[in-house]
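Here are my notebook entries from an afternoon with this model. I kept them short, so you can follow along with the structure open.

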There are 2 protein chains.
Amino acid sequence: MDKKPNEVLVSMKNVEDYVLEIITMLNQGAEEVEIKGVGRDIGKAVDVYNMILDKLGNGIKLDSVSIGSESRDKKRLSFILLRVKKVY
Amino acid sequence: MDKKPNEVLVSMKNVEDYVLEIITMLNQGAEEVEIKGVGRDIGKAVDVYNMILDKLGNGIKLDSVSIGSESRDKKRLSFILLRVKKVY
């Protein structure tokens, strides 16, 4: 799967692990992070976003939400892509 | 849970059932349908949207996507709300 810089693919780990990873990225200078969830992990990606919002509040904003589908192993899977930006 | 007119809450039924329900609403004159998924059903709500897009193509557009969290039974649950509009 394509993985861009600052893209976090939410998958097997706990929500808290992704939250920590993303907050660390933002603290280390990332201006924007993309949170991606595919198939069953779409809901978890939204959980990650909500927990980051709880922790950082006005420090971030949700820049955009994209949904769509992509092929993997000949199956079509839905995905969500949440673009989160740092706010100063 | 609050349920607005033209809101379809994706839950226990099959994806195909929700797709049929929504296409019927659009065919019967609805200008806009809101597809909501809560918790584990967020991914299924996106599946429903993607299948409707497959079937109706340019006949619909995704007007907006909202995500957030709401309380239910003292737990906080993430949700997604997909606003789909008919295009002429």
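**Entry 1: the two copies**

I laid chain A on chain B and got an RMSD of 0.0 Å, with a turn of 180° and a shift of 0.0 Å along the axis; the fit is by least squares on the C-alpha atoms of residues with pLDDT of at least 70 in both copies. That is the relation of a two-fold axis. I also looked at where the chains touch (contact means heavy atoms within 4.5 Å). Of the interface residues of chain A, 100% are also interface residues in chain B, so the copies meet through the same surface.

**Entry 2: ground rules**

This is a predicted model, so local features need pLDDT of at least 70 and side-chain atom pairs count only at pLDDT 80 or more, while totals for chains, interfaces and linings use all residues. Residues are numbered from 1 along each chain as its sequence is written, chains are lettered from A and ligands numbered from 1 in the order in which they are written, and side-chain values use heavy atoms, with hydrogens and water left out.

**Entry 3: the sheet of chain B**

I traced four strands in an open sheet of chain B, in the order E1-E2-E4-E3 with mixed pairing. Helices (H or I, at least four residues) and strands (E, at least two) are DSSP runs numbered from the N terminus, and two strands pair if DSSP finds at least two bridges between them. At the edges I found E1 (7-10) and E3 (60-72) of chain B, each pairing on one side only. From one strand to the next, the twist averages 20°.

Helix H2 (residues 42-56) of chain B packs on this sheet, touching E1, E2 (32-38), E3 and E4, and its direction makes about 10° with that of E4(B). For such angles, axes are lines fitted to C-alpha atoms, for helices over the stretch in contact, and angles run from 0 to 180 degrees between N-to-C directions.

**Entry 4: the hairpin**

E3(B) and E4 (residues 75-86) of chain B pair in the antiparallel sense over twelve bridges. I checked the register: Ser71(B) stands opposite Arg76(B), and Ser69(B) stands opposite Ser78(B). Two residues lie between the strands of this hairpin, and Asp73(B) in the turn has a positive phi of about 50°.

**Entry 5: charge over ring**

Which ring does the charged end of Lys36(A) sit over? I found the ring of Phe79(A), with the charged end 5.1 Å from its centre. In chain B, Lys36(B) sits over Phe79(B), also 5.1 Å from the ring centre. The test asks for NZ of Lys or CZ of Arg within 6 Å of the ring centre and within 35 degrees of the ring normal.
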